[in-house]
Amino acid sequence: MKNIIIFGAPGSGKGTYSAKIVEKYGMGHISTGDVLRGEIKNGTELGKIAKGYIDNGQLIPDELMIDILAKTYDAQPAGKGVIFDGFPRTIAQAEALKKMLAERNTEMGIMVELDVDADILMKRLLNRAIEQGRADDNEETIKKRFEVYRTQTAPLIEWFEKEGIRHTFSAKQYPGIDDMINAISAVIDAENK
Ligand code: AMP
């Protein structure tokens, strides 16, 4: 099973679609946001450092994040393929991921880009704030996260294009969750033939 990188702006549905892909294909799943929120909940040193960045809508520094990712990856069961959710978010992270996987005789596999209009993203995130009470889902922090996405993360789209693994799924083309998951599954199945 090839690895998958699920990519998109905050609120684009990375978590939702990752869960569906994991359920369907039995892959491993690494959500760096979930890893960091777990550290905060457990009151670890890492959690204390991470909280400052997350509450402010900023990215955790690359070196720290790359280290966390490698440790989390190495704790996954081998051979099933992993879906990376929320990583990489910078070019440096992408380069590090590519290198880390090559050192482990595997590769990035498939990049799944979720393309959703900005007005829908904001509505979803504000809604999630009410439903899940995430500290970073308030309007001010959301705006900062969008800006961070635009300046630091979106340039990765071209990077993945050059790697030849980019597959884009537009919410306009696939408005329902089932439509979207069917389209993504078709690419996963074709890539794993
Ligand atoms: P997420 O749950 O993926 O939206 O992530 C929530 C927050 O965790 C982000 O706004 C960042 O502050 C932090 N975070 C998650 N993944 C990364 C990453 N790959 N690099 C840096 N910061 C991250």
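The following exchange concerns the overall fold of a predicted model and its helix α7. Local features need pLDDT of at least 70 and side-chain atom pairs count only at pLDDT 80 or more, while totals for chains, interfaces and linings use all residues. Residues are numbered from 1 along each chain as its sequence is written, and side-chain values use heavy atoms, with hydrogens and water left out.

Colleague: Which pattern does the chain follow along the sequence?
Modeller: Helices (H or I, at least four residues) and strands (E, at least two) are DSSP runs, numbered from the N terminus. The chain holds nine helices and five strands, and read along the sequence they give β-α-β-α-α-α-β-α-β-α-α-α-β-α.

Colleague: How far apart are the end C-alpha atoms of α7?
Modeller: The expected span is 1.5 Å times one less than the number of residues. Helix α7 has 15 residues (139-153) and should therefore span 21 Å, which agrees with its end C-alpha atoms being apart by 20 Å.

Colleague: Which residues of α7 are exposed on the other side from the buried ones?
Modeller: Buried means under 20% relative accessible area, exposed over 50%, and partly exposed in between (1.4 Å probe, protein chains only). The buried residues of α7 are Thr141, Ile142, Arg145, Phe146, Val148, Tyr149 and Thr153. Because they cover an arc of only 160° around the axis, they lie on the same side of α7, the arc being that of the directions from the helix axis to the C-beta atoms. On the other side, the exposed residues are Glu140, Lys143 and Arg150.
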